[in-house]
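Reader: I would like to learn how to read a ligand site and the cysteines in a model. Where do we start?

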Amino acid sequence: MTIEKGNFGSIDNKPVEYFILKNKTGIEAKIITLGATLVSLKTPDRRGNFADIVLGFDDAKEYMNDTRYFGCTVGRFANRIANAKFTLDGKEYKISPNNGQHHLHGGKVGFNKVLWKAEPFENQSDKGVLFKYFSKDGEEGFPGNLDVRVTYTLTDDDELKIEYAAVTDKNTIVNLTNHSYFNLAGHDIENAYSYLVQHLMQINADSVTESDNELIPTGKFLKVENTHYDFRKPVSIGWKMGKGYDINYVLNKQSASELSFAAKIVELKSGRVMEISTTEPGIQFYTGNFLNGVKGKGGTVYNKQTAFCLETQHYPDSPNQPEFPSTVLKPGETYRHLTVHKFSVQ
Ligand code: BGC
């Protein structure tokens, strides 16, 4: 086994472990058992210089206190559920409100704040870690025992794959994602804000789900054409920033659940390129509007709009929006989600 393993601090006297996956290019992904969280990701620029391109912390306790969801696995339900309630099979479920009266990213103790069991694995061209978590019936108000698996795989083709699977013993709802904040120039680059201007992004979506001022979908789909949401062709992220983005894109798909192209980002100065494909119907584009001097790795201070998230997932508030693709999971079915991040330079 060539996967490095070590200690990343502790939570309630329980050790948090880290695993470092390294491929033949030298790309390195470091993941911890708290929240099955990606804590660092080192990739080369066009000259072969490596930088860590995700925001994060140096110690498990800082992740435990984090309210920004740096790099973690988000669940049982990513994004907002209006008024922290939904109806399933005629029964109303109240889940924990943690964003005003709304539910956000799994509630007070979401999947990001729990310890996962980890099993590293490797074969000729892939290295990975399988994380397992058992979420009890009633946790944060959700029905059904949920057996969850998240697998990170780093391939020699410079892909970081995140694969999710879940089964339940009662009808429930599931929406899982990863919440990494990226800056392809490096998480600790000086004047990080100005670097977002040098990130050209393309999103394969003709529309977004319109939301109200509390970021709850109105149920309407908005065409991106002639709006600042239009990333159908590569455009600078920072150039159009304004108040910043926090919006769900409806990905163009030939068929539901196919693995298809979602987004591509090129950072002009370093030449780093990240291409995202996913089986999910949506992607939340968020520009770190709520970062306000968060002290992160190596003492780096993360400020507003110095990084971006592209969270592949079902649309926000799906359980209350009958027109949106369903997030219901029933006994006997398996929730599956695959997202691939492919790295290259140009
Ligand atoms: C949401 C933001 C939220 C942030 C929390 C993002 O996924 O879109 O509205 O504030 O997560 O860090």
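Author: Start with the cut-off: a residue is near a molecule if one of its heavy atoms lies within 4 Å of it. Keep in mind that this is a predicted model.

Reader: Which residues are around the ligand?

Author: The residues around the ligand are Arg-68, Tyr-69, Arg-80, His-105, His-179, Tyr-181, Leu-215, Asp-246, Gln-284, Tyr-286, Phe-290 and Glu-311. Sorted by class, this shell holds five nonpolar, three polar and four charged residues.

Reader: How should polar contacts to the ligand be read, and which atoms of Arg-68, Arg-80 and Tyr-181 take part?

Author: Look for a pair of N or O atoms within 3.5 Å. Arg-68 has a polar backbone atom 3.0 Å from an oxygen atom of the ligand. For Arg-80, an N or O atom in the side chain is 2.9 Å from a ligand oxygen. Tyr-181 places a polar side-chain atom 3.2 Å from an oxygen atom of the ligand.

Reader: What share of the ligand's accessible area does the protein cover?

Author: The ligand has 310 Å² of accessible area on its own, and the protein covers 95% of that.

Reader: Now the cysteines. How many disulfides are there?

Author: The test is a pair of cysteine sulfur atoms within 2.5 Å. The count here is zero. Cys-72 is in no disulfide, and the nearest cysteine sulfur, that of Cys-309, is 9.4 Å away. Cys-309 is likewise in no disulfide, with the sulfur of Cys-72 as its nearest cysteine sulfur.

Reader: Are Cys-72 and Cys-309 buried or exposed?

Author: Buried means under 20% relative accessible area. Cys-72 counts as buried because its relative accessibility is 3%. Cys-309 is buried too, at 0%.

Technical notes: Residues are numbered from 1 along each chain as its sequence is written. This is a predicted model: local features need pLDDT of at least 70, side-chain atom pairs count only at pLDDT 80 or more; totals for chains, interfaces and linings use all residues. Side-chain values use heavy atoms; hydrogens and water are left out. Buried means under 20% relative accessible area, exposed over 50%, partly exposed in between (1.4 Å probe, protein chains only). A polar contact is a pair of N or O atoms within 3.5 Å; within protein, one must be able to donate a hydrogen and the other to accept it, and residues adjacent in sequence count only if both atoms are side-chain atoms. Accessible areas come from the Shrake-Rupley method with a 1.4 Å probe; for residues, only the protein chains shown count as cover. Ala, Val, Leu, Ile, Met, Phe, Trp, Tyr, Cys and Pro count as nonpolar, Asp, Glu, Lys and Arg as charged, and the others, Gly among them, as polar.
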